[in-house]
Amino acid sequence: QVQLVESGGGLVQPGGSLRLSCSASSAIMNNYAIVWFRQAPGKEREELSCISDEGSSTKYENSAKGRFTTTRDRAKNAVYLQMNSLQPEDTAVYYCATAGYVSFLGGVLTCRDFDSWGQGTQVTVSS
């Protein structure tokens with residue numbers, strides 16, 4: 001059973017922007033941190049960001065820091081990934097997942113145990 005659904009991917013020119021959406025039930029969105037990943041052909045899965053269940057804390061990996069922003073919309077049971085200044089190396093399938101374990105050691109959000117996944121949405125950056 002698919003519990004999370006990504007949308008918003010597509011073809012964009014270098015320098016352009018996209019906003020990806022991750023949709024799930026309120027039970028999921030209100031009780032789990034949500035993580036964004038991407039995977040390009042022939043490459044390892046790469047974590048991009050995590051947002052806490054309440055949406056008050058976020059964490060970004062280096063590949064996303066400064067260009068990508070993850071937010072929540074409680075009314076829509078959605079988590080977004082705003083992607084700006086996209087480049088060809090950002091081409092990948094983008095996934096969202098729940099994090100079953102979250103810590104805040106040292107004030108740093110860490111998300112682990114990615115149990116539930118969406119089906120992914122393709123992002124292609126090309127001129």
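Is F114 buried, partly exposed or exposed? In this predicted model, F114 has a relative accessibility of 22% and counts as partly exposed. The cut-off for a buried residue is under 20%. The ring of F114 belongs to an aromatic cluster, which is described below together with the sheets, the cores and selected loop residues.

The first sheet considered here is open and has six strands. Their order is β2-β12-β9-β4-β5-β6, and the pairing is mixed. The edges are taken by β2 (10-12) and β6 (58-60). Each of these two has a single partner strand, so one of its sides lacks a neighbour in the sheet. From one strand to the next, the twist averages 25 degrees. Within this sheet, β4 (residues 33-39) and β5 (residues 46-51) run antiparallel and are joined by five bridges. W36 has S49 in β5 as its bridge partner.

Another open sheet is built from four strands in the order β1-β3-β8-β7. Its pairing is antiparallel. Here β1 (5-7) and β7 are the edge strands. Each pairs with a single strand, so one side of each has no neighbour in the sheet. Neighbouring strands are turned against each other by 20 degrees on average, with direction ignored. Six bridges connect β3 and β8 in the antiparallel sense. R19 stands opposite Q82 in β8. The charged end of R19 also sits over the ring of Y80, at 4.0 Å from the ring centre.

Nonpolar side chains tend to be buried together in soluble globular proteins. In the present model, the largest nonpolar core contains 24 residues. The residues with the most contacts inside this core are C22, I34, W36, F68, L81, M83 and Y94. Seven elements need naming as sources of two or more core residues: β3 (18-23), α1 (26-29), β4, β5, β8, β9 and β12. A separate core of eight residues lies apart from the largest one, and V35, F37, A99 and C111 are among its members.

F68 deserves a closer look. Beyond its neighbours within four places in sequence, F68 contacts R38, L48, Y60, L81, Q82, M83, N84, L86, D90 and Y94. One of these partners, D90, lies in the loop between β8 (78-83) and β9 (92-99). D90 counts as buried because its relative accessibility is 1%, and the cut-off is under 20%. With residues up to four places away in sequence left out, D90 touches R38, R67, F68, S85, V123 and V125. R38 thus appears in the contact lists of F68 and of D90.

Four aromatic pairs are present in the structure. In one of them, the ring centres of F37 and F114 are 4.8 Å apart. The planes stand at 75 degrees, so this pair is edge-to-face; the cut-off for that class is over 60 degrees. F37 is in strand β4, whereas F114 is in the loop between β11 and β12, so the pair ties together parts 77 residues apart in sequence. F37 counts as buried, at 2% relative accessibility. F37 also forms a tilted pair with W117, with 4.8 Å from centre to centre and 35 degrees between the planes. This second contact again links distant parts of the chain: F37 in strand β4 and W117 in the loop between β11 and β12 are 80 residues apart. W117 is partly exposed, with a relative accessibility of 25%. Ring pairs join F37, Y95, F114 and W117 into a cluster. A charge is placed at F37 as well: the charged end of R45 sits over the F37 ring, 4.7 Å from its centre.

Two loop residues show unusual backbone angles for their type. N77 is not a glycine, yet its phi is positive, at about 50 degrees. N77 is located in the loop between β7 (68-73) and β8. Its relative accessible area is 24%, so N77 is partly exposed. D113 is likewise not a glycine and has a positive phi of about 55 degrees. D113 is found in the loop between β11 (110-112) and β12 (121-125). With a relative accessible area of 52%, D113 is exposed.

Key:
Residues numbered from 1 in each chain as written. Predicted model: local features only at pLDDT ≥ 70, side-chain atom pairs only at ≥ 80, totals over all residues. Heavy atoms only, no water. Buried < 20%, exposed > 50% of the residue type's maximum accessible area, 1.4 Å probe, protein only. Contact = heavy atoms within 4.5 Å. Pairing = 2+ DSSP bridges. Axes fitted to C-alpha atoms, helices over the stretch in contact; angles between N-to-C directions. Core = buried A, V, L, I, M, F, W, Y, C linked by side-chain atoms within 4.5 Å. Phe/Tyr/Trp six-rings, centres within 6.5 Å; stacked < 30°, edge-to-face > 60°. Lys NZ or Arg CZ within 6 Å of the ring centre and 35° of its normal.
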